[in-house]
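Q: I'm new to this structure and would like a close look at a single part of it. Please walk me through the pairing of charged side chains, then show me what else is worth finding around it.

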Amino acid sequence: MLTASAQDATGKIFPLAYAVVDSENDASWEWFCEMFRQAFGERERMCIVSDRHASILRGASIVYPEVSHCVCIFHLWNNIKKQFKKNHDRLREVFFAMARAYKIEDFNRLMEDMDIIDKRVRGYLFQVGYEKWSIVHSTVNRSMVMTSNIAESLNARNREARELPIMSLLDYMMNLVMEWNNTNRMTAMSTFIDIGQKYHEVLKENNYLSQKMTVKPSTDYVYVVMDAEQRRNIVCIQKRECWCKRFQVDEIPCPHAMAVLDYTHMEAPKYCSSYYTKEYFKKTYEVPINPLPDETTWDLPT
């Protein structure tokens, strides 16, 4: 079974498409990508995140040549472990910090640390392409989506059902997606917070980290924020930017921006991406999954 999923405003799985094929190969993935394009087209700021399966990479590059195709950092890490047999604990810490670095100087410093552990890893990561797994080198905003875990979660949920006859499998998938859609629709309708739960928790954490910071205004919208280590960061609320880069990349106020918003008594959710909001959460599930009628009523071609 081939699947494509996105995330809703709470960070939950939002299945977009699935298909049963004979095998996972070049032809099946190219066909799946083509069917996906016919259904959804190419969206602004669209990004594909997957493992490095050759058929996925090939199919996506043919059907979506202009769309950035990024790599799941967990799958990439597993490839590193297989290729380089030593110092996994040290390599893991540096690799994940490097993948999530927001500033080029931090990335370069961590790469030097990687060289000290094993110089061969740099060459391997360069061949993969820094822009495919590193935030700071990315050519598209991944909105904090660094892995393909949602695809793995969907696969785990239907693993046993894959042993069923094909009609039973498709019926299982339709009922599963219909159940998820309705449950999340009811959650969206009853939520009282302005942004999705996942991003609400991010704001809470960033607000906690901002408590020991001091704010000095430069203009009505530019502020100097000093953290506990007396490091200086410049925040421009109007442009939604911070020198740490997290505000503009994650599209949610970083700890420095949270310090400014607290200082100016402004509401943080208003400075988050619209995709994280309650309104978009509701829009995601406003179209129902219509149940399939009984088989005896089907109009089958002869």
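**Charged pairs and their surroundings**

A: Let's start with Glu42, which counts as partly exposed because its relative accessibility is 39%, a value between the 20% limit for buried and the 50% limit for exposed. Keep in mind that you're looking at a predicted model. The partner of Glu42 is Arg37: they form a salt bridge, and the closest N and O atoms are 3.3 Å apart. That fits the rule, because a salt bridge needs a side-chain nitrogen of Lys or Arg within 4 Å of a carboxyl oxygen of Asp or Glu. Arg37 is partly exposed too, with a relative accessible area of 30%.

Here's the general idea behind such pairs: side chains of opposite charge can pair when their charged atoms come close. By the rule used here, the count for this model comes to 11 salt bridges.

Now move to Arg58. Its side chain meets that of Asp26 in a salt bridge, at 3.8 Å from N to O. This pair links distant parts of the chain, as Arg58 sits in helix α2 (residues 54–63) and Asp26 in helix α1 (residues 26–40), 32 residues apart. Arg58 also meets Glu30 in a salt bridge, this time at 3.1 Å from N to O. Again the pair links distant parts of the chain: Glu30 belongs to helix α1 and Arg58 to helix α2, with their positions 28 residues apart.

Put those pairs together and you get a network of salt bridges linking Asp26, Glu30 and Arg58. How buried or exposed is each member? Arg58 has a relative accessible area of 35%, so Arg58 is partly exposed. Asp26 is partly exposed as well, at 33%, and so is Glu30, at 28% relative accessibility.

With the charged pairs in place, look at how some other helices pack. Two packed helices are described by the angle between their axes and the distance between the axes. Take helix α4 (residues 88–99) and helix α5 (residues 104–117): they pack at an angle of about 160°, and their axes are 9 Å apart. α4 and α5 are therefore roughly antiparallel to each other, since angles over 145 degrees count that way. Their crossing is left-handed.

Then try helix α3 (residues 73–83) with helix α6 (residues 120–128). Here the angle is about 140° and the axes lie 11 Å apart. α3 and α6 are therefore oblique to each other, and their crossing is right-handed.

While you're around helix α4, find Ala97 in it. Ala97 is partly exposed, with a relative accessible area of 35%. Measure your way along the chain by eye from there to Tyr172: Ala97 and Tyr172 are 75 residues apart along the chain, and their C-alpha atoms are separated by 40 Å.

Last stop, for contrast with the charged pairs: a nonpolar patch on the surface. Val20, Ile166, Met167 and Leu170 make this patch, which covers about 320 Å². One of its members, Ile166, has its place in helix α8 (residues 166–190). Ile166 is partly exposed, because its relative accessible area is 48%.

Note on methods:
Residues numbered from 1 in each chain as written. Predicted model: local features only at pLDDT ≥ 70, side-chain atom pairs only at ≥ 80, totals over all residues. Heavy atoms only, no water. Patch = residues over 30% accessible without salt bridge, like charges linked within 9 Å, V, L, I, M, F, W, Y side chains within 5 Å. Areas by Shrake-Rupley, 256 points an atom, 1.4 Å probe, with all protein chains shown as cover. Helix = DSSP H or I, 4+ residues; strand = E, 2+ residues; numbered from the N terminus. Buried < 20%, exposed > 50% of the residue type's maximum accessible area, 1.4 Å probe, protein only. Axes fitted to C-alpha atoms, helices over the stretch in contact; angles between N-to-C directions. Parallel < 35°, antiparallel > 145°, perpendicular 65-115°, else oblique. Left-handed = near helix turned anticlockwise from the far one by under 90°.
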